[in-house]
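Hello,

Here is the structure you asked to look at. My notes on it follow below.

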Amino acid sequence: MINGSPINGGPINGIAAQSIAPPAPITAGYAFVWALRLTVDGVDMTASLTGSVTVDREEGAAGTASFTLHLATGTVVPDSWRGKVVTIDYLSTAAGVTTEVRRYTGRISDPTYSLTLRLLECQCSDQLQQRVEALSVASVDSLIGGYWSDDVFEPVEGRSRWDYAQERLASLPYSLECSAYGDLRTTTWFAKEPAFVFGAGTTIYDSMSVDLADLSSLINKVEIDAEYRFQRLRQRNEQYSWIIPGAVTGGFCNWRIDSTELPDVDMIVSAVEGVGYTMLDASYGRLPGDSVDPCGNGIAWNNEYHDLLLSAGWKGAMRWAQSVTEQYAFTLVAEASVTASGEQISRDRVSVEVESEKGETWETEEFTDGVSGHEDVRDEERRQAALKCMLHQAQTQIYEAHRTTTVSWTAPTSMVMDIDLVHTLKVDDQSVLAQGKCVRIADTFDLDAGLATTALSIAVMRGGGDVTDPLILPPYSTEPQPDPDGASPYPGGLPNQIGGKGGVPPYDEERYGFSGNYSVSDIADPVKYPRRFKSPSPEIGEELRDELEVPIAATYRVAIPNDLLELN
């Protein structure tokens, strides 16, 4: 669910980052002879071109082109041209040297035919969206990378691949477009060392324009509320013991001297399970079986009830599930931008709830073992995916908001035909000194006037700051495990109250342990106690049963490059 991509400097998707090389100066003062080569489905149609040819390639958008063919003879079936592959090459000759570059590769999307003039006007597209739509999910992942989570977005199965690609792109400071040869590629938003430099007199007069960023869109702080909910499966074991008073020192033989009623196994099990405990590791001290002289005093013993007990020991165990909600409060802030422009805040939220079959049956399923403690039913992969996706989307949103200033100008195509959308450009002409990453290349080839010009636009990223914190998630919450054995709440054993003789206290209905009577009374009308066994009930504090909310906060600083921009 998670795929990483570099933020700055370094290859992405097999495309090497722009190497640092001396910038190429754009030189004015040369004369150029230019021509076009147009092919349609591999057939050279250059001779049929008339009017103007345009090519418009923009960062993150489908590249378009338009041209007009004069079909002087033959039968024309206009819709048969739809979908045909188009290539447009530009040829420039200067000082006897001819250079050829590809300007466009795409398909005819909208042919229009004029019956009287026999002109076929063709609108073309490089079909960026359709080509991405045809990819598999794995191919989109490989092409773009980025961060994605089906807790942030809808599951991808059966959905648009284009929408899925845009979701992954939202977590990266990159754009997706086609090259002039039609290859799908991603390009970084960050300017590097300029590949081309425009000096004085290299731009067409009065073509320079600067479009400044609007304050309302200058997001410099993003606040994220995220909830991650899971179950903490708890088990508590309490160690209990019980022994009849007469058997404490001498066991059966001592109890026999002044015997009492006794509980049986079913009585103790029913008492323990009746208060919500599961009995674990039970051990029972039963009355002995028939014996001629078990105590060496010449008195025989006959036992018809083999489940009567002199003592017992067991663990009373119970299980319950507690909901835990980690409440994350993330803040991403471009501090220098906030200082300069005030807070421009955007907010977002996500909720993740982990469900499991084990959690659903934890309280109801029978169990026969286990120690005191807890187990968190987490899905760390989901937590990482959702929270990283949100963090990287927020960081990308801040970067994007700080690159809406654009500088545009026009130059003869022969002077700029090596420039591509991957390049960083610097211009120092017509009172503008600026540098940024190229975001648009728009060619106009006027065949009638013999003019070939290209409009260029760069995005100027500005904001400032020196530190960008790595988007490392804070650790998830934990709780120390208790002593798995634990101290017994009744270290001396559960108490007894025995009636049936003179001077015994009144019966205490609330008293835990065994209640019964002496077998032989010392008075004529003794007070009789009911024969029963009462187990303590487990006490679970609200802090261990009610939903637990754990606040976790983190702030990440985002530094924005200050691309060059000076207006003289």
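Where is serine 149 found? Serine 149 sits in the loop between α2 (137–144) and α3 (161–169). Please keep in mind that this is a predicted model.

Serine 149 is buried, because its relative accessible area is 0% and buried means under 20%. The side chain of serine 149 reaches the backbone nitrogen of aspartate 151 at 3.0 Å. If neighbours within four places in sequence are left aside, serine 149 is in contact with Ala385, Ala386 and Cys389.

Next is helix α8, which covers residues 380–401. How many residues of α8 are buried? The count is 16 of 22, so α8 is mostly covered. The length of α8 can be checked too: at 1.5 Å a residue, its 22 residues should span 32 Å. The end C-alpha atoms of α8 are 32 Å apart, which agrees with that expected span.

Helix α8 also matters for reading the largest pocket, where about 510 Å³ of space lies. Of the 30 residues that line this pocket, the closest to its centre are Tyr174, Ser175, Trp189, Glu400 and Arg403. Which element gives the most to the lining of the largest pocket? That is α8, with 6 residues. Several elements supply at least two residues each to the lining of the largest pocket, including α3, β9 (174–178), β13 (221–243) and β16 (345–353). Also among them are β20 (432–446) and β21 (451–460).

Now the strands. Strand β5 covers residues 64–70, and 5 of its 7 residues are buried, so β5 is largely enclosed by the rest of the structure. Which strands pair with β5? One of them is β4 (residues 49–58), which runs antiparallel to β5 and is joined to it by 5 bridges. In this pair, valine 55 stands opposite alanine 65 of β5. β4 and β5 form a hairpin with 5 residues between them. Glycine 60, in the turn of that hairpin, has a positive phi of about 75 degrees. Strand β8 (residues 119–125) also pairs with β5 in the antiparallel sense, over 7 bridges. There, histidine 70 has leucine 119 in β8 as its bridge partner.

Two residues other than glycine have a positive phi as well. What is the phi of aspartate 41? For aspartate 41 the value is near 55 degrees. Aspartate 41 lies in the loop between β2 and β3 (43–44). Aspartate 41 counts as partly exposed because its relative accessibility is 43%. Serine 431 is not a glycine either, and has a positive phi of about 70 degrees. Its place is in the loop between β19 (424–429) and β20. With a relative accessible area of 42%, serine 431 is partly exposed.

The last item is threonine 27, in the loop between β1 (24–26) and β2 (33–40). Threonine 27 has 41% relative accessibility, so it counts as partly exposed. How many residues separate threonine 27 and phenylalanine 198 in sequence? They are 171 residues apart in sequence, and 7.8 Å apart in space from C-alpha to C-alpha.

Regards

Note on methods. Residues are numbered from 1 along each chain as its sequence is written. This is a predicted model: local features need pLDDT of at least 70, side-chain atom pairs count only at pLDDT 80 or more; totals for chains, interfaces and linings use all residues. Side-chain values use heavy atoms; hydrogens and water are left out. Helices (H or I, at least four residues) and strands (E, at least two) are DSSP runs, numbered from the N terminus. Buried means under 20% relative accessible area, exposed over 50%, partly exposed in between (1.4 Å probe, protein chains only). A polar contact is a pair of N or O atoms within 3.5 Å; within protein, one must be able to donate a hydrogen and the other to accept it, and residues adjacent in sequence count only if both atoms are side-chain atoms. Contact means heavy atoms within 4.5 Å. The expected span of a helix is 1.5 Å times one less than its number of residues. Two strands pair if DSSP finds at least two bridges between them. On a 1 Å grid over the protein atoms alone, a cavity is a set of points where a 1.4 Å probe fits but cannot get out, and a pocket is an open set with protein on both sides within 12 Å along at least five of seven lines; lining residues have an atom within 4 Å of a point. Grid points are joined across faces, edges and corners, and a volume is the space filled by probe spheres set on the points.
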